[in-house]
Amino acid sequence: MENDQTSLNDRLFDPTFPSPDSLEAGFRVFVKPTPPCTIPAKQSPKPPGVTPQLINVTITGAHIVDKDGDYIASGGAWLGQDDRRNAAIKMPPNLASPGAGEIGAFLAITSSLPKDAPLHVMIKSPKIRKDITINLRKQEDTDWIDHPDKELMIALVASLRTRCALTTLAGWKEPMPKQNAEEASALAKTGLNKPECDTIETKVEPSLELTGMKICTGTQRLFYKSIKRSQVTIKPRRLTAMNMAMTQYAVCDINGETPTSDQVWSSIRAKDIPANIRGFLWKSLHGAYKIGEFWDKIPHCENRGKCGLCDSPESMEHILIDCDKSSASRIIWKAASDLWRKRESNWPEIQFGTILGCNLAVLRDAKGKKKLGATRLFKILILESAHLIWKLRCERTIKFEGDKDKFHSDPEILNRWIHAINMRLKFDRLLTDSKRYGKKAIKIDTVIKTWSGLLMNEDSLPDNWIRHTEVLVGMTPHRPPGRNR
């Protein structure tokens with residue numbers, strides 16, 4: 001226990017409940033379907049006598065992602081050297097998230113300390129500090145709808161409201177002993193390695209529970225989100241779960257870390273991916289294309305579920321990678337590998353999960369430093385190649401109606417791939433125009449790192465080849481035989 005005075009920059013927790021300032025502010029929606037509590041909320045009584053000394057506690061959290069793509073979260077709360085109240089908390093799986101460990105440690109230590117003792121909390125996360133001070137009213141007015149740790153935050157605020165002494169919060173950027181940060185971080189790491197999870201009580205007394213969203217503060221987005229959450233949770237689709245597992249495994253094979261499902265979904269919506277490819281990735285991850293087993297349930301259409309080249313059961317994985325008779329798959333992946341090896345060394349093994357999760361891939365050099373250019377080039381080659389293979393398959397099946405005499409020739413397949421890569425290079429060059437695109441423009445250095453070493457006649461190009469109109473990748477299209485060709 002320490003007696004340091006809190007600084008003027010500390011934020012004070014306000015335990016009062018928000019009172020409606022108008023009639024319309026008193027109406028809430030999406031409240032719990034239970035009878036309203038008529039018992040007023042109460043703070044713990046302050047015992048007579050000497051006021052307890054100020055308690056200083058330093059809190060931080062830690063998290064990792066396990067091999068299954070699930071979070072393991074922990075938190076550490078340090079009060080002093082050899083203090084028996086120091087806590088290393090491991091969050092239960094249903095509450096684990098990147099920020100849950102810090103909130104869990106805060107909740108656990110608050111519940112165990114005397115409620116009449118002034119409490120000064122030095123917490124690492126500025127978001128948590130703001131959410132229970134300056135943003136508290138806004139969060140409660142919207143029912144914490146956008147908060148990833150809603151259940152924990154409601155329990156934490158309720159616990160703080162029962163305290164009859166002041167609670168102040170400070171961040172780690174403000175002057176604080178170095179030992180505090182080190183000890184709290186060590187406790188958080190200890191929590192990660194605990195064999196069993198701690199029990200975190202999130203049940204709130206009815207008199208302290210504030211549920212629902214204020215009608216006057218809600219928006220169409222928030223109302224829709226609340227409606228979706230109030231509905232019965234839909235069981236994940238089998239194909240989606242299978243494709244997600246393959247994606248997580250493939251990304252882990254490249255990065256050494258398993259991404260979460262949320263990270264995978266966010267990666268396929270990245271703005272640097274063309275819109276048509278974003279749609280392709282989303283449907284492929286969900287197994288939403290009408291191929292393969294989709295046709296098994298439709299009478300007299302079962303043959304449509306067979307590959308038009310090898311008569312095997314068709315799937316997106318089969319189309320993009322596994323079909324041995326697919327000239328498109330063979331030629332395009334070889335071309336991508338050949339272009340890659342003009343500058344880089346190892347071309348990773350391409351799996352279906354690699355395609356779906358390539359936007360999460362991070363390639364590093366021997367020293368472990370991220371190779372920005374190589375990582376971006378890898379994403380472009382993978383996505384453009386996979387999307388082109390899919391488009392060629394659709395042309396064979398739909399446009400040519402399976403007529404093998406009309407199928408694409410090998411030179412045509414290669415030329416279309418080279419054209420697709422050249423178009424990405426062209427768009428990269430155009431998007432560096434900061435006068436036209438402002439903050440959305442791509443940095444010139446990023447484009448140079450991506451394409452340097454892969455251009456045709458690069459030695460003869462000007463230093464600022466970004467503005468040169470005749471820049472192509474260093475692969476020559478094949479011209480069909482004939483006169484003067």
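A residue counts as buried when its relative accessible area is under 20%. In this predicted model, L156 meets that criterion, because its relative accessible area is 0%. The residue sits in helix α4, which spans residues 150–161. Setting aside neighbours within four places in sequence, the contacts of L156 are I103, F106, L107, T110 and I132. One of these partners, F106, can also be described by its C-alpha separation: the C-alpha atoms of L156 and F106 are 7.5 Å apart, although their positions lie 50 residues apart along the chain.

Q248 offers a companion case. This glutamine belongs to helix α7, residues 238–255, and is buried because its relative accessible area is 10%, with the cut-off again being 20%. Once residues up to four places away in sequence are excluded, Q248 touches D68, G69, T258, P259, T260, S261 and V264.

Attention now turns to helix α13, starting with its packing against α14. Helix α13 covers residues 372–399 and helix α14 covers residues 410–430; the two pack at an angle of about 135°, and their axes are 10 Å apart. That angle makes α13 oblique to α14. The crossing of α13 past α14 is right-handed. On the α13 side, the contact is made by R376, I380, L381, E384, S385, L388, L392 and E395, while α14 contributes I413, R416, W417, A420, I421, R424 and D428. Sorted by class, the residues of this contact comprise eight nonpolar, one polar and six charged.

Helix α13 also packs against helix α16, residues 444–451, at an angle of about 70° and with 7 Å between the axes. The two helices are therefore roughly perpendicular to each other, since that label applies to angles from 65 to 115 degrees. Here α13 supplies L372, G373, R376, L377 and I380, and α16 supplies T446, K449, T450 and W451. The contact of α13 with α16 has four nonpolar, three polar and two charged residues. R376 and I380 of α13 take part in this contact, and R376 and I380 are also listed among the residues of α13 that meet α14.

A further partner of α13 is α9. These helices pack at an angle of about 75°, with axes 11 Å apart, and α9 and α13 are therefore roughly perpendicular to each other. The residues in contact are N276, I277, F280 and L281 from α9, together with L383, E384, A386, H387 and W390 from α13. In terms of class, six are nonpolar, two are polar and one is charged. E384 belongs to this contact, and E384 likewise appears in the contact with α14.

Aromatic residues add another layer to this picture. The model contains seven aromatic pairs. One of them joins W340 and F378 in an edge-to-face arrangement, with 5.9 Å from centre to centre and 70° between the planes. This pair links distant parts of the chain, as W340 lies in helix α11 (residues 327–341) and F378 in helix α13, 38 residues apart. W340 and F378 are both buried. Separately, F280, Y289 and W390 form one aromatic cluster; of its members, F280 and W390 also take part in the contact between α9 and α13.

The backbone has some features worth a look as well. Most residues other than glycine have a negative phi. Against that background, H300 has a positive phi near 70°, and D311 has a positive phi near 65°. H300 lies in the loop between α9 (275–286) and α10 (316–322), and D311 is found in the loop between α9 and α10. H300 counts as exposed because its relative accessibility is 79%, and D311 counts as exposed because its relative accessibility is 55%; the threshold for this class is over 50%.

Another exposed loop residue is P175, placed between β7 (167–170) and α5 (178–192). P175 counts as exposed because its relative accessibility is 86%. The C-alpha atoms of P175 and C358 are separated by 42 Å, and these residues are 183 residues apart along the chain.

Technical notes:
Residues numbered from 1 in each chain as written. Predicted model: local features only at pLDDT ≥ 70, side-chain atom pairs only at ≥ 80, totals over all residues. Heavy atoms only, no water. Axes fitted to C-alpha atoms, helices over the stretch in contact; angles between N-to-C directions. Helix = DSSP H or I, 4+ residues; strand = E, 2+ residues; numbered from the N terminus. Parallel < 35°, antiparallel > 145°, perpendicular 65-115°, else oblique. Left-handed = near helix turned anticlockwise from the far one by under 90°. Contact = heavy atoms within 4.5 Å. Nonpolar A, V, L, I, M, F, W, Y, C, P; charged D, E, K, R; others polar. Phe/Tyr/Trp six-rings, centres within 6.5 Å; stacked < 30°, edge-to-face > 60°. Buried < 20%, exposed > 50% of the residue type's maximum accessible area, 1.4 Å probe, protein only.
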